[in-house]
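Here's a walk through one protein chain, written for someone who likes to have the numbers next to the picture. Pull up the model and follow along.

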Amino acid sequence: MSTSRIPPSSTSPADTGRPGQRAKTVATRLSPEELQEVEAAAERDGKSLAEWLRELALRSARERRADPIELLLAELMATRYALLNLFHATALAGAEGKQLLPDSVLKIRDQADSQKRQKARKLLQDFFAAEHPGSRKA
């Protein structure tokens, strides 16, 4: 790898380029040991150093960090969904002189788990939209 100095990225009309065309450079400094580690990792993945660094940077930038409030709310939503549906299914089964089957309980649990994050996000979006009309948070 070359040790030449790469100037910081600048913004100019020529930098806009066509969509999908890479027109900016991001530079960083590494110690010789760090560079060796990074080059070895790129080689292990069978990629050029630039490709490996680009993919890692973009994956990290696009990753949505877990929000502890959202996770707690998701569990609360799943518990609420499960309880309401279990009470309802038990009442229906009782009205028919039957018992709630274990498979029905597992199905309700699985449905609650599959929907919990989506329902929590929606609840948070609605909350922030009502709190700050015109802004889109969460």
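Let's start with one residue and work outwards. Leaving aside neighbours within four places in sequence, Val-105 is in contact with Leu-86 and Leu-100. Val-105 sits in helix α4, and its relative accessibility of 33% makes it count as partly exposed. Its C-alpha is separated by 8.6 Å from that of Ala-82, which is 23 residues apart from Val-105 along the chain.

Now zoom out. Keep in mind that this is a predicted model. The secondary structure of the chain comes to four helices and zero strands, so to speak an α-α-α-α run from the N terminus on. Of the 138 residues, 14% count as buried. Among contacts with a separation of 6 or more, 46% are accounted for by residues 24 or more positions apart.

**The α1 and α2 pair**

Helix α1 covers residues 32–44 and helix α2 covers residues 49–62; they pack at an angle of about 90°, with their axes 9 Å apart. The two are therefore roughly perpendicular to each other. On the α1 side, the contact is made by Leu-35, Val-38, Glu-39, Ala-41 and Ala-42, and on the α2 side by Leu-49, Trp-52 and Leu-53.

**Helix α3**

At the start of α3, a side-chain oxygen of Asp-67 comes to within 3.1 Å of the backbone nitrogen of Ile-69. How does the span of α3 compare with what its 28 residues should give at 1.5 Å a residue? The expected value is 40 Å and the end C-alpha atoms are 41 Å apart, which agrees. Just after α3, Gly-97 takes a positive phi of about 75°.

The buried residues of α3 are Glu-70, Leu-73, Ala-74, Met-77, Ala-78, Ala-82, Ala-89 and Ala-93. What covers them includes α4.

Glu-70 deserves its own look. It is in helix α3, and at 3% relative accessibility Glu-70 counts as buried, the cut-off for that being under 20%. Its side chain is joined to that of Arg-117 by a polar contact of 3.5 Å. Not counting residues up to four places away in sequence, Glu-70 touches Arg-64, Arg-117, Ala-120, Arg-121 and Leu-124.

**Helix α4**

Helix α4 runs over residues 102–131, 30 residues in total, and reaches 42 Å from its first C-alpha to its last, close to the 44 Å expected at 1.5 Å a residue. Where does α4 bend? The bend is at Lys-116 and comes to about 45°.

In α4, the buried residues are Ile-108, Ala-112, Lys-116, Ala-120, Leu-124 and Phe-128. What covers them includes α3 (68–95), just as the cover over the buried residues of α3 includes α4. Two of these α4 residues, Ala-120 and Leu-124, are among those touched by Glu-70.

Lys-116 brings several of these threads together. Is this residue, at 16% relative accessibility, buried or exposed? Lys-116 counts as buried, because the value falls under 20%. Leaving out residues up to four places away in sequence, Lys-116 touches Ala-74, Glu-75 and Ala-78. Of those, Ala-74 and Ala-78 are on the list of buried α3 residues.

Back towards the beginning of the sequence of α4, Ser-104 is also placed in this helix. With a relative accessible area of 29%, Ser-104 is partly exposed. Ser-104 and Ala-89 are 15 residues apart in sequence and 8.3 Å apart in space, C-alpha to C-alpha.

Here are the accessibility values side by side:

| Residue | Helix | Relative accessibility | Class |
|---|---|---|---|
| Glu-70 | α3 | 3% | buried |
| Ser-104 | α4 | 29% | partly exposed |
| Val-105 | α4 | 33% | partly exposed |
| Lys-116 | α4 | 16% | buried |

To recap the α3 and α4 part: α4 helps to cover the buried residues of α3, α3 helps to cover those of α4, and a polar contact of 3.5 Å joins the side chains of Glu-70 and Arg-117. The bend of about 45° in α4 is at Lys-116, a residue that touches Ala-74, Glu-75 and Ala-78.

Notes: Residues are numbered from 1 along each chain as its sequence is written. This is a predicted model: local features need pLDDT of at least 70, side-chain atom pairs count only at pLDDT 80 or more; totals for chains, interfaces and linings use all residues. Side-chain values use heavy atoms; hydrogens and water are left out. The expected span of a helix is 1.5 Å times one less than its number of residues. The bend at a residue is the angle between axes fitted to the seven residues ending there and the seven starting there. Buried means under 20% relative accessible area, exposed over 50%, partly exposed in between (1.4 Å probe, protein chains only). Contact means heavy atoms within 4.5 Å. A polar contact is a pair of N or O atoms within 3.5 Å; within protein, one must be able to donate a hydrogen and the other to accept it, and residues adjacent in sequence count only if both atoms are side-chain atoms. Axes are lines fitted to C-alpha atoms, for helices over the stretch in contact, and angles run from 0 to 180 degrees between N-to-C directions. Angles under 35 degrees count as roughly parallel, over 145 as roughly antiparallel, 65 to 115 as roughly perpendicular and the rest as oblique.
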